[in-house]
Amino acid sequence: MVEGGRQPLNDQRAPLADAAAAAEGLPSEPERSYALLVFVTGLSLFNFGYNTASISGALLYIDLDQTDCSAEVVCLTSAFEKGCVVSSVLLGACLGALSGGPLGDRFGRSRALIYNNAFYIIGPVGMALSQSVETLSATRALTGFGVGVSSALVHLYIGESVPAARRGEYGALLVMLGSGGVLVANLVAYALGDMWRLDLGLSAASALLQVLMGPFWMPESPAWLMKRHQHSSNSSSGTASTSPALVEPSPESPPARGSTLLAAASPSTEESSWLLLWKALRSGEARVALGVGAGLQLLQQISGINVAVYYGPKIFTLAHFSKHFSILLSSAVSLAQLAATLLLALLVDKVGRRIMALVGCALMAVSLIILGLAFCMPEEDAGVLALTGVFIYRVAFSISLGPLPYIITAEIFPAAYRAPGVSLCWAVNWLSNFGVSLTFLPMLNTIGDAATFFIYAGVCLLAMVFVWACVPETNGVSMDGDDGGAASTVSTPRLGGGSGGTGVSARCPRLVV
């Protein structure tokens with residue numbers, strides 16, 4: 001094994017095996033290694049999706065407005081209690097997102113993700129055993145901390161570990177695993193019915209699976225290893241040095257297995273990446289990058305997606321479907337969302353991020369108008385139109401504002417302060433998520449169903465303008481350990497401020513694809 005846990009693929013049998021696999025139409029060994037890396041890492045996002053969506057099925061059995069839950073020790077008797085239970089995971093996620101970057105910088109991306117499963121195990125078990133609304137809210141907040149750490153680190157880690165030419169594809173597949181968590185949560189809720197405690201607690205199983213597999217299949221990212229190597233060289237000799245083994249990953253040289261604990265054994269003592277981000281913000285270098293990243297995360301949430309996820313079954317019951325059938329319909333919509341995300345994985349590295357985002361935002365606006373019209377029509381017609389609107393919306397979201405903010409946010413910051421930059425953007429995501437989930441029902445009750453969805457349609461049109469005017473094309477940019485990072489290789493007007501190698505205009509010009 002060479003320095004940093006990376007191994008050169010110099011086994012003479014490997015090229016012959018890969019050539020034979022290609023001749024038979026099978027994936028090569030490096031491709032299988034990357035696929036397994038993405039799967040094992042993506043279990044964090046599976047838990048992310050499951051734990052945010054599982055409450056939607058439970059609400060049908062612990063919400064006094066929808067069922068007689070007076071015999072239950074956990075019974076939501078007011079809109080405030082309902083909002084607290086739904087939104088507590090989001091407050092925890094905000095704190096987790098802010099903590100994820102520093103933890104990933106200090107201990108390594110993979111090690112932080114593996115240890116983060118403690119929250120994915122303790123939280124769901126606590127929810128399953130909760131004896132009050134307060135306990136349920138607190139344990140959901142604890143689970144939310146794990147969700148926040150995952151959101152800040154998963155795409156950052158995979159973006160630094162896979163070839164740039166396929167980063168969009170692998171990033172979309174990660175989002176598929178998150179959508180798969182939402183789908184499984186809906187199917188489990190349908191199958192278990194009123195056994196909502198078991199529904200909330202089952203996600204601990206996938207967390208245990210990552211704990212078992214992670215140390216063997218989640219090596220540390222080359223960019224993080226390079227930063228540690230450079231710091232070690234600077235500390236010993238006062239000059240920067242780059243190890244030839246620590247290079248950007250390629251399809252022929254995936255990160256070596258088993259290097260997680262070795263790579264992360266020595267925490268960094270270098271200058272805080274948060275301090276570097278603060279200096280870059282003061283100088284203007286990071287302002288546009290942060291504005292684009294935070295803007296995408298904000299628009300993702302205020303475009304109404306979590307209304308469809310958290311309150312999906314409730315939307316269908318409002319449209320006069322039965323409670324049980326509403327859960328099944330939500331599962332069918334989640335399956336369509338998975339298929340749409342797979343389509344994005346096939347296209348995003350060929351077509352580009354910006355075009356996919358623009359097309360998706362336009363379809364989202366149309367679908368929300370359809371959903372609003374559904375609640376303006378007679379009861380006998382509202383159900384089918386509501387189902388059509390939600391179906392188109394979730395599919396459109398899955399090719400645009402769903403996965404693309406995750407992918408782009410990890411690509412627009414230089415390596416020196418990438419982790420805190422991504423963390424801060426995700427904190428904006430979770431705070432806006434919290435605001436949407438807490439205000440949706442009051443807004444629905446105040447201005448009505450149709451007007452609520454028309455407002456979200458307007459936000460999607462605003463998102464189109466933002467993408468067209470401000471978001472660069474990041475397809476294929478480098479994410480190696482060089483301080484220039486991705487931000488210095490974007491071919492459109494670059495992100496930051498000032499002049500020179502990393503400087504760019506601190507305004508938000510129209511960007512040309």
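The exercises below, each with a worked solution, concern a predicted model.

**Exercise 1. Salt bridges between separate parts of the chain**

Task: Find the salt-bridge partner of Glu 160, and establish which helices the pair ties together and whether the two residues are buried or exposed.

Solution: Begin with the total, which is seven salt bridges in the structure. In one of these, Glu 160 pairs with Arg 109, and the closest N and O atoms are 3.0 Å apart. Next, place the two partners: Glu 160 belongs to helix α6 (residues 133-161) and Arg 109 to helix α4 (residues 109-115), so the bridge ties together parts that are 51 residues apart in sequence. Then turn to accessibility, where buried means under 20% relative accessible area. Glu 160, with a relative accessible area of 2%, is therefore buried, and Arg 109, at 1%, counts as buried too.

**Exercise 2. From Arg 166 to a network**

Task: Work out which residues Arg 166 and Arg 167 pair with in salt bridges, and then name the residues that shared partners join into one network.

Solution: Take Arg 166 to begin with; its side chain meets that of Glu 169 in a salt bridge, at 3.0 Å from N to O. Arg 166 has 25% relative accessibility and so counts as partly exposed. Arg 167 forms a salt bridge with Glu 411, the closest N and O atoms being 2.8 Å apart. This pair links distant parts of the chain, since Arg 167 is in helix α7 (residues 167-192) whereas Glu 411 sits in the loop between α19 (404-409) and α20 (418-447), 244 residues apart. As for burial, Arg 167 counts as buried at 3% relative accessibility, and Glu 411 counts as buried at 0%. Finally, the network formed by salt bridges that share partners consists of Asp 105, Arg 109, Glu 160 and Arg 418.

**Exercise 3. Nonpolar residues inside and on the surface**

Task: Describe the nonpolar cores, and then locate the nonpolar patch on the surface that includes Leu 363.

Solution: In soluble globular proteins, nonpolar side chains tend to be buried together. The largest nonpolar core here has 94 residues, and among those with the most contacts inside it are Phe 48, Ile 158 and Trp 430. Ile 158 touches Leu 37, Val 38, Thr 41, Tyr 170 and Leu 174, when residues up to four places away in sequence are not counted. A second core, separate from this one, has 15 residues, including Val 85 and Trp 196. On the surface, by contrast, Val 351, Ile 355, Val 359 and Leu 363 form a nonpolar patch with about 290 Å² of accessible area together. Helix α17 (residues 353-374) contributes the largest share of the patch, three residues. Leu 363 is found in helix α17, and its relative accessible area of 37% makes Leu 363 partly exposed.

**Exercise 4. The state of Cys 361**

Task: Decide why Cys 361 is in no disulfide, given how far away the nearest cysteine sulfur is.

Solution: Start from the total, for the structure holds zero disulfides. The nearest cysteine sulfur to that of Cys 361 belongs to Cys 460 and is 6.4 Å away. A disulfide requires sulfur atoms within 2.5 Å, so the pair does not qualify. As a last step, compare accessibility: Cys 361 is buried, at 0%, whereas Cys 84 is partly exposed, with a relative accessible area of 27%.

Terms used:
Residues numbered from 1 in each chain as written. Predicted model: local features only at pLDDT ≥ 70, side-chain atom pairs only at ≥ 80, totals over all residues. Heavy atoms only, no water. Salt bridge = Lys/Arg side-chain N within 4 Å of Asp/Glu carboxyl O. Helix = DSSP H or I, 4+ residues; strand = E, 2+ residues; numbered from the N terminus. Buried < 20%, exposed > 50% of the residue type's maximum accessible area, 1.4 Å probe, protein only. Patch = residues over 30% accessible without salt bridge, like charges linked within 9 Å, V, L, I, M, F, W, Y side chains within 5 Å. Areas by Shrake-Rupley, 256 points an atom, 1.4 Å probe, with all protein chains shown as cover. Core = buried A, V, L, I, M, F, W, Y, C linked by side-chain atoms within 4.5 Å. Contact = heavy atoms within 4.5 Å.
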